[in-house]
Amino acid sequence: MTKIEKKLSIVVPCFNEESNLANTYNEIIKSLKKSKIKKYEIIFIDDCSIDKTKLIIKKISKKNKNIKILTNKKNLGLGASVLRGYKIARSDYCTYVPGDNSHPSKGLVMIYKKIDFKKKNIIIP
């Protein structure tokens, strides 16, 4: 039996989330570890924030080679930002986590553990 490697793309749309991003990132990493998902990418999308969101994303990305950063040229809103992230995702599975840290790791772990890695899908939390 062939072992299926778990690969997951997590899109994180952000608009003025400077006070939430570090915690959001930590919750994502915690949930990936608890779910035993080692192959992943995190796609942060700055939706024209006017605070320090972009700077904080750049800082976080220096710690983790699995992070991609996109910056919208104009404010597109949540839905369009998520879709933009899905379009560049390079994993078999895609999901999103809002930049405001509204998805605690416990809930993410429950979702990630239910993934059937034999099929390709978008996961809607």
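## Exercises on a predicted protein chain

N16 sits in the loop that links strand 1 to helix 1, where helices (H or I, at least four residues) and strands (E, at least two) are DSSP runs numbered from the N terminus. Residues are numbered from 1 along each chain as its sequence is written. The model is predicted, so that local features need pLDDT of at least 70 and side-chain atom pairs count only at pLDDT 80 or more, while totals for chains, interfaces and linings use all residues, and side-chain values use heavy atoms, with hydrogens and water left out.

**Exercise 1.** Describe the backbone and the exposure of N16 and of C48.

*Solution.* Begin with the backbone: N16 is not a glycine, yet its phi is positive, at about 55 degrees. Next comes exposure, for which buried means under 20% relative accessible area, exposed over 50%, and partly exposed in between (1.4 Å probe, protein chains only). N16 has a relative accessible area of 28% and is therefore partly exposed. Turn then to C48, which lies in the loop between strand 2 and helix 2 and has a positive phi of about 65 degrees although it is not a glycine. With a relative accessible area of 24%, C48 is partly exposed.

**Exercise 2.** Determine which residues of helix 2 are buried, and what covers them.

*Solution.* First, list the buried residues of helix 2 (residues 53-61), which are T53, I56, I57 and I60. These residues cover an arc of only 100 degrees around the axis, and therefore lie on the same side of helix 2; the arc is that of the directions from the helix axis to the C-beta atoms. Then consider the other side of helix 2, where L55 and K59 are exposed. Finally, identify the cover, which includes strand 1 (7-14), helix 1 (21-34), strand 2 (39-46) and strand 3, with contact meaning heavy atoms within 4.5 Å.

**Exercise 3.** Set out the secondary structure of the protein chain and the confidence of the prediction.

*Solution.* Start with the elements: the protein chain has four helices and five strands, which follow the pattern β-α-β-α-β-α-β-α-β when read along the sequence. Add the contacts, since among those between residues at least 6 apart in sequence, 79% join residues at least 24 apart. Confidence is given by pLDDT, the predictor's confidence in each residue, from 0 to 100; its mean over the protein chain is 86, and 82% of the residues reach 70 or more. By element, confidence is highest in strand 3 (residues 67-71), at a mean of 97, and lowest in strand 5 (residues 121-122), at 56. Where pLDDT is low, predicted coordinates should not be read in detail.
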